[in-house]
Amino acid sequence: MSPDAETPTYKGSCQCGAVTFTARTRLEAPFQCNCSRCRRLNAVMHSVPDSDFVLESGGEALKTFRFNSHTIAHQFCTVCGIQPFASGTDRDGRALHVVNVNCLDNPVYDPGAITRFNGADF
Ligand SMILES: [Zn+2]
C-alpha cells in the first residue's frame, strides 16, 4: 500500500545507535521467517519500498551478509552486531528494504497479524 498523509514515519536504529533510518509505512504486514538466519534472529520483519526508506546514518558501520541465493543483502552493524534491516528487490525488481520491526521506536502493530514466511524452503 502506498503511503498517504496519515502514514506514520518510524525511526529505527541498531542497538548502539550508529545505524539509524526512517521508514514511512503502516505495519500492516509483519512477518516472521523460518530461514536459517531469521530463525536465529527471531526478528519480526516488515517490507518497505525503497522510496519510503531513508538510511539516516551509519552506512559506513554496516556490513552485508548474503547466503543461499544471495539475493537479499542482510545488513548488520559492525559495532553492535544488530541487523536493523535487509535490502533486496520485490518480484518485479523494485528495490525494497525489509526492516526489523524490533529495531523501530514504538512500533504500532497487531502481534496477531504476524504471518509466517516459509523462507527455509526458499
Ligand atoms: Zn550498532
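User: How do I read the side chains along S1: which residues are buried, and which are not?

Analyst: The general idea: in a regular strand, side chains alternate between the two faces of the sheet. In this predicted model, Tyr10 and Gly12 of S1 point to one face and are buried (under 20% relative accessible area with a 1.4 Å probe, protein chains only; exposed is over 50%, partly exposed in between). Thr9, Lys11 and Ser13 point to the other face and are not buried. Strands here are DSSP runs of E, at least two residues, numbered from the N terminus.

User: Thanks! How many bridges join S1 to S2?

Analyst: Strands pair if DSSP finds at least two bridges between them. S1 and S2 run antiparallel and are joined by five; Ser13, for example, has Thr20 as its bridge partner in S2. Six residues lie between the strands of this hairpin, where Gly17 takes a positive phi near 90°.

User: And which residues coordinate the zinc ion?

Analyst: Donors are N, O and S atoms within 2.8 Å of the metal (3.2 Å for Na, K and Ca); water is not among the atoms, so sites may look incomplete. Here the SG atoms of Cys14, Cys16, Cys77 and Cys80 coordinate the zinc ion at 2.3 to 2.4 Å. Cys14, in the loop between S1 and S2, and Cys77, in strand S7, are 63 residues apart and link distant parts of the chain. Both Cys14 and Cys77 are buried.

User: Good to know. Any notes on numbering and confidence?

Analyst: Residues are numbered from 1 along each chain as its sequence is written, and side-chain values use heavy atoms, leaving out hydrogens and water. Local features need pLDDT of at least 70 and side-chain atom pairs count only at pLDDT 80 or more, while totals for chains, interfaces and linings use all residues.

Methods. Helices (H or I, at least four residues) and strands (E, at least two) are DSSP runs, numbered from the N terminus.
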